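Dear colleague,

Here is the structure I said I would pass on. My notes on it follow below.

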Amino acid sequence: MRDYKKYDTWKISHELVKEIYVISENFPKSELFGLTSQIRRSAVSIPTNIAEGCGRSTDKEFARFLEISIGSTNETEYLLLLSCDLGFTSEDKIATINVTLNLIRQKLIQLRKKLLNNN
């Protein structure tokens, strides 16, 4: 079994989740069960699926969970764009988060390729 806390991708995505929680704290209260909840869930899904994949017995299974994390990265990126377009946050606030999301996505893709090439 792998230790998910040793993966840089998990560490970076864990920090991202904390940032998303801070930013979404300022979303309108009317969005608590809408966009606020959705963006938090999608962000949390990134490190959660890395952790869950680490508990799987094969590289192929782990790679499948990384693929889910990649999808959640894309979802989070879109929800940040939407929150900006709706005026819930600013482009400045999401700019650095988007850089982090791109880094996470890149690392997830590389790790997934490595795992699948081992088979």
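**Leu-115 and its contacts**

Not counting residues up to four places away in sequence, Leu-115 touches Arg-2, Asp-59, Phe-62, Ala-63 and Leu-66. Please keep in mind that this is a predicted model. Leu-115 sits in helix H4, which runs over residues 91-117. With a relative accessibility of 6%, Leu-115 counts as buried, because the cut-off for buried is under 20%. Leu-115 and Thr-58 are 57 residues apart in sequence, yet their C-alpha atoms are 9.2 Å apart in space.

**Aromatic pairs**

Phe-62, one of the residues that Leu-115 touches, also comes up in the search for aromatic pairs. That search covered the whole structure and found 3 pairs. One of them joins Tyr-4 and Trp-10: the ring centres are 5.1 Å apart and the planes meet at 65 degrees, so the pair is edge-to-face. Edge-to-face applies here because the angle is over 60 degrees. Tyr-4 has 27% relative accessibility and therefore counts as partly exposed, whereas Trp-10, at 15%, counts as buried.

Another edge-to-face pair is formed by Tyr-7 and Phe-62, with 5.7 Å from centre to centre and 70 degrees between the planes. This pair links distant parts of the chain: Tyr-7 belongs to the segment before helix H1 (8-24), Phe-62 belongs to helix H3 (residues 59-85), and the two are 55 residues apart. Tyr-7 is partly exposed at 22% relative accessibility. Phe-62 is buried, with a relative accessible area of 0%.

**Ser-24 and Arg-40**

Ser-24 is in helix H1 and is buried, its relative accessible area being 2%. Which residues does Ser-24 contact, leaving aside neighbours within four places in sequence? They are Thr-36, Ile-39 and Arg-40. With Arg-40 there is a polar contact between the two side chains, at 2.8 Å. A polar atom of the Ser-24 side chain also lies 3.3 Å from the backbone oxygen of Tyr-21.

**Helices H2 and H3**

Helix H2 covers residues 35-54, which is 20 residues. At 1.5 Å a residue H2 should span 28 Å, and its end C-alpha atoms are 29 Å apart, so the two values agree. H2 nevertheless bends by about 30 degrees at Ser-45, and a proline, Pro-47, follows within four residues. H2 is mostly covered, with 14 of its 20 residues buried.

H3 has 27 residues. From its first C-alpha to its last, H3 reaches 39 Å, close to the 39 Å expected at 1.5 Å a residue. Just after H3, Gly-87 takes a positive phi of about 80 degrees.

**Cysteines**

How many disulfides does the model contain? The count comes to 0, where a disulfide would need a pair of cysteine sulfur atoms within 2.5 Å. Cys-54 is buried, with a relative accessible area of 1%. Cys-84 is also buried, at 14%.

Regards

Conventions
Residues numbered from 1 in each chain as written. Heavy atoms only, no water. Expected span 1.5 Å × (residues − 1). Bend = angle between axes of the 7 residues up to and from the residue. Buried < 20%, exposed > 50% of the residue type's maximum accessible area, 1.4 Å probe, protein only. Phe/Tyr/Trp six-rings, centres within 6.5 Å; stacked < 30°, edge-to-face > 60°. Contact = heavy atoms within 4.5 Å. Polar contact = N/O pair within 3.5 Å; in protein donor to acceptor, adjacent residues only side chain to side chain.
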